[in-house]
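Here is a friendly walk through one protein model. Keep the structure open beside you as you read.

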Amino acid sequence: RQGRARLLDRESPEYEADSLIHWMRTIRGWSVDLPGAVRTGEPATKDSPAHGARKGKELEAFMAAMANRSPENITAVADAVRGAAPGARTLLDIGGGPGVYSRALADRGFEVSLLDRPEVIDFVGEAYGLESDQRIQLVRADFLEALPRQSFDVVLLANVSHIYGPESNREVLRRTGEILNPGGCVAIIDFVRGVSEFAPLFALTMLLRTEGGGTWSLPEYTGWLHDAGLDRVRCATIGPDLQMVTAERPSEGRGAG
């Protein structure tokens, strides 16, 4: 019965077949495309999510895979973010795609803005019913170019930083620091190299599918966050082998340290 729910029943909250298909394609890529990527240093595909290249059926399939996160994963992330910012009210979900974390965070009392590329928002707004969810504001923007002018108590980057290289991550976090309210925090959800056992293997996927992406260590995250004017960097493992890195914008009267 449990297997049927996970693989066949699209109405079940435990359904994960789209995510499984995505990973099967990834594993095939390791065996077929990895030698060429290692030899040339170039990704096996130019359709990198870092450049917004997914369209049509490919975008639909990728969003379905991103939406098929287990209830345990969604709960772990949402609880960890709320626990890191117990008094926070406003939250920006950068690259939030199908909105699984946005909805869970709205359930926990956040006023959520979900930001993604226009083509993604156009798709998920209808396909995942986000347009009709009054708790979530949809923001069409490329976060590599600009972030909203308003400020937030929390900025969430879930499964985003592994798509990009160090310079892009440093710049996104610099912009993030600028829109955080004093005392606000950024929460990065990802596999942290040196902490996660899965991070080195996942880095192979980024080698095949992105130009410059990878998994990053806590010292690298710490350096980027400090460059953004943020402090009190912490790393916690949430759920099975998934990390949350947090940092705060100093409150008025408290310098960065």
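## Phe191 and its aromatic neighbours

Let's start with Phe191 in this predicted model. With a relative accessible area of 15%, Phe191 is buried, because anything under 20% falls in that class. Phe198 comes out at 24% relative accessibility, so it counts as partly exposed.

These two residues also belong to one aromatic cluster, together with Phe202. If you want to find it on screen, look for Phe191, Phe198 and Phe202.

## Another ring pair, and a charge over a ring

How many aromatic pairs does the structure hold? The count is seven. One of them is formed by Phe143 and Tyr164, an edge-to-face pair with 5.9 Å from centre to centre and 85 degrees between the planes. Phe143 sits in the loop between strand 3 and strand 4 (152-158), while Tyr164 is in the loop between strand 4 and helix 8 (166-179), so the pair ties together parts that are 21 residues apart in sequence. Are Phe143 and Tyr164 buried or exposed? Both are buried. The rings of Phe191 and Phe198 have centres 5.0 Å apart and planes at 75 degrees, so that pair is edge-to-face too.

There's also a ring with a charge over it. The charged end of Arg82 sits over the ring of Phe110, 3.7 Å from the ring's centre.

## Helix 7 and what it packs against

Now find helix 7, which covers residues 118-127. Which of its residues are buried? They are Val120, Ile121, Val124 and Gly125. These residues cover an arc of only 120 degrees around the axis, which puts them on the same side of helix 7. As a rule, an α-helix has 3.6 residues a turn, so residues three or four places apart point the same way.

The buried residues of helix 7 pack against helix 4 (56-67), strand 2 (111-116) and strand 3 (136-140). Just after the helix comes Gly129, which takes a positive phi of about 65 degrees.

## Salt bridges within and between elements

Side chains of opposite charge can pair when their charged atoms come close. In this model the count comes to 15 salt bridges. One of these joins Asp122 and Arg140, whose closest N and O atoms are 2.8 Å apart. Asp122 belongs to helix 7 and Arg140 to strand 3, so the pair ties together parts that are 18 residues apart in sequence. Asp122 counts as partly exposed, at 43% relative accessibility, and Arg140 is also partly exposed, at 43%.

Helix 4 has a salt bridge of its own, between Lys57 and Glu60. The closest N and O atoms there are 3.7 Å apart. Being three residues apart in helix 4, Lys57 and Glu60 are separated by about one helical turn. Lys57 is exposed, with a relative accessible area of 68%, whereas Glu60 counts as partly exposed at 37%.

## Two more spots to look at

Further along, Glu248 and Arg234 meet through their side chains in a salt bridge, 3.7 Å from N to O. This pair links distant parts of the chain: Glu248 is in strand 7 (residues 242-248) and Arg234 is in strand 6 (residues 231-238), 14 residues apart. Arg234 counts as partly exposed, with 48% relative accessibility.

Finally, take a look at Arg103, Asp107, Asp133 and Arg135, which are joined into one network by salt bridges that share partners.

Technical notes
Residues numbered from 1 in each chain as written. Predicted model: local features only at pLDDT ≥ 70, side-chain atom pairs only at ≥ 80, totals over all residues. Heavy atoms only, no water. Buried < 20%, exposed > 50% of the residue type's maximum accessible area, 1.4 Å probe, protein only. Helix = DSSP H or I, 4+ residues; strand = E, 2+ residues; numbered from the N terminus. Arc of directions from axis to C-beta. Contact = heavy atoms within 4.5 Å. Phe/Tyr/Trp six-rings, centres within 6.5 Å; stacked < 30°, edge-to-face > 60°. Lys NZ or Arg CZ within 6 Å of the ring centre and 35° of its normal. Salt bridge = Lys/Arg side-chain N within 4 Å of Asp/Glu carboxyl O.
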